[in-house]
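Got your viewer open? Load the model below and let's walk through it, from the whole chain down to a single residue pair.

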Amino acid sequence: MKEKYYITTAIAYTSGKPHIGNTYEAILTDCLARFKRYEGYDVFFQTGTDEHGQKIEEKAKNVNLSPKAFVDGVAEQIKDIWKMVGVSYDKFIRTTDEYHEKQVQKIFKKLYEKGDIYKGAYEGWYCTPCESFWTESQLVDGKCPDCGRPVNKSKEEAYFFKMSKYADRLLEYYNEHPEFITPTSRKNEMVNNFLKPGLQDLCVSRSTFKWGIPVDFDAKHVVYVWLDALTNYITGLGYDVDGNHDQKYKDFWPADVHVIGKDIIRFHTIYWPIFLMALDVPLPKKVYGHGWLLQDGGKMSKSKGNVMYADDLVKFFGKDAVRYYVLTAMPQDNDGLISWESIIETINSDLANVYGNLVSRTIAMTNKYFGGIVKDANVSEVVDDELKAVVTSAYDKVVSKMNEFKVADALFEIFAIFRRANKYIDETMPWALAKDESKKDRLATVLYNLTESIIIGTSLLASFLPDSCQKVANMLNLSLRSVDEINKFGLIEQVKVCENPEILFARLDAKVIMEQVNKMIEERNKELEAKQEVVENKKPLIDIEDFAKIELKIAKVIACEKVEKSKKLLKLTVKLGDETRTVVSGIALNYTPEQMIGKKLTMITNLKPAKLCGIVSEGMILCAENEQGKLAFLMPENDIEDGSQIF
């Protein structure tokens, strides 16, 4: 029976489209999952979306959608992006899934009945984007210590979890399981900054908004973000509070690793293990907190306008090129850097020059010198042994690096095969061998060794660049090498390569690409400015009580004249049943006084009087205006008496 391996990403928050920094985590975890499958593990890879909270409730309200409709749209967008970059997940969980919500309610109730959750009140500073409460001392310059945004004073009734009850037990677990948090620097941060100073009780419910999982025994409250979000790792497997677990939970829990960003390490290495301790559930084996992809010296942020999206990158460079860049750009225990220019440079230097060029040269020479068919003629030299040593030792090095989550280093070891093979071409000079008929067997051996090196390196690379590696295998008419055969050189009896191989990775013209990129960014910024204008001009939603405060009536214009010293204003005398009023309106550029006489218009009649050019205006005439400045009055469809009330 295969050994089980359960790996997860953090679930993506559905407040909007994920940028490449968010997408990196999905690519990284996919790469780790694929490699474990390649090693022979029975892998279960779970990802998904975190869909509750005040921030989402507000965003949905701003676009006139229900919260569920809003998160449905974002969740589908995230699924599309994950598919676009080749994320091979086994389970996509949504925290709005019915089975998850039911278990969260049961978990909350169990912890409440156990005495770990109690009812109280919270007073402090709240950051809506981070969905976090802070004390005065935790603020940095009066702002959220995590994101630097403004915070609001908040006081509300809430349920709290007794974190301090489990602090000593958690610290003991850290000491007994030094591998629990990776890298070690993240562990030191948790111990020194949070555990040793003393854990504060954690707010686990909210009562000032409704978009969350209801606390079933207290309808005023919804379950707060972390108790809802973190439990996805067990509910997605079929965990049941009452003990009626699905077989998948029995097979795969505890998780082998949670792959998360360093910004949420505290929640996964303090809150999550404490929740599990309270539930008497085994803790995950490891939490790996990766760094951030930084652009222009800082974390990507929509508010900063420095966001790069995966779909744009894939459009310009292709799926596997994007995967390769982000996986090589991120060190194991630090942040990585990303820019359009550095992506182009990496594609040209590594994928086009080193890998793509090696494949195309080898296939081209095989076609040119042997009609596309090559066998090992067993005419060896010392340099062959040097090549074989690099190729056959690569797997163990890659496994070692992958087990330490040093994915960039693992890729370096794989590309060492391709670099050594390119050097081998320079050392053996096949073009020179081809000129001497007596060297034909040596030439055949050289090309055979190159083909073996390519298929072994490509088989190792397939977890990282799945589509491109399958293309190479197809061009060589070979199967990717299994893990049992990956260290063996010389398994191919005969190779018949394709006659017209496609270009694996074309060299990119940086100038041309950057012109296209800058044009895209410019157009997008214009669209964003236009949308922002709409948002800024958009009036807030009002209740029916607010609308009821406005008095609207049909007004008939019985006299009209120009206002002296003004090009825009007309003075209207209007009749409202038995009442007559004066209204000053800025419509003179569109209508003459003569055109206004006799019109029946819509008028706000309870507006406070205002003096314009010395004339007191006793209401407001309503009209619509398009972008060209053209006006249209709101007039009754049928003839109706002036003074009639509008409802």
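Start with everything selected, and keep in mind that this is a predicted model. Colour by burial first: of the 647 residues in the protein chain, 51% count as buried. Switch on a surface and you're looking at about 30,800 Å² of exposed area, with carbon and sulfur atoms supplying 48% of it.

Now go to a C-alpha trace and turn it along its principal axes, where the span is about 115 × 65 × 45 Å. The radius of gyration comes out at 34 Å, whereas a compact globule of 647 residues would have one near 26 Å.

Next, pick out the charged side chains. You'll get 86 positive and 95 negative ones, and the centres of those two sets lie 2 Å apart.

Cartoon view next: the protein chain holds 21 helices and 28 strands. If you draw contacts between residues at least 6 apart in sequence, 74% of them join residues at least 24 apart.

Time to zoom in. Select strands S6, S5, S7 and S9, which sit in that order in an open sheet of four strands with antiparallel pairing. Which strands stand at the edges? They are S6 (132-134) and S9 (202-203); each has a single partner strand, so one side of each has no neighbour in the sheet.

Stay with S9 and add S7, residues 152-161: the two run antiparallel and are joined by two bridges. For the last stop, select phenylalanine 161, whose bridge partner in S9 is leucine 202.

Definitions and conventions. Residues are numbered from 1 along each chain as its sequence is written. This is a predicted model: local features need pLDDT of at least 70, side-chain atom pairs count only at pLDDT 80 or more; totals for chains, interfaces and linings use all residues. Side-chain values use heavy atoms; hydrogens and water are left out. The radius of gyration is taken over C-alpha atoms; the globule rule is 2.2 Å times the number of residues to the power 0.38. Buried means under 20% relative accessible area, exposed over 50%, partly exposed in between (1.4 Å probe, protein chains only). Contact means heavy atoms within 4.5 Å. Accessible areas come from the Shrake-Rupley method with a 1.4 Å probe; for residues, only the protein chains shown count as cover. Lys and Arg count as positive and Asp and Glu as negative; His and the chain ends are not counted. The place of a charge is taken as NZ of Lys, CZ of Arg, CG of Asp or CD of Glu. Two strands pair if DSSP finds at least two bridges between them.
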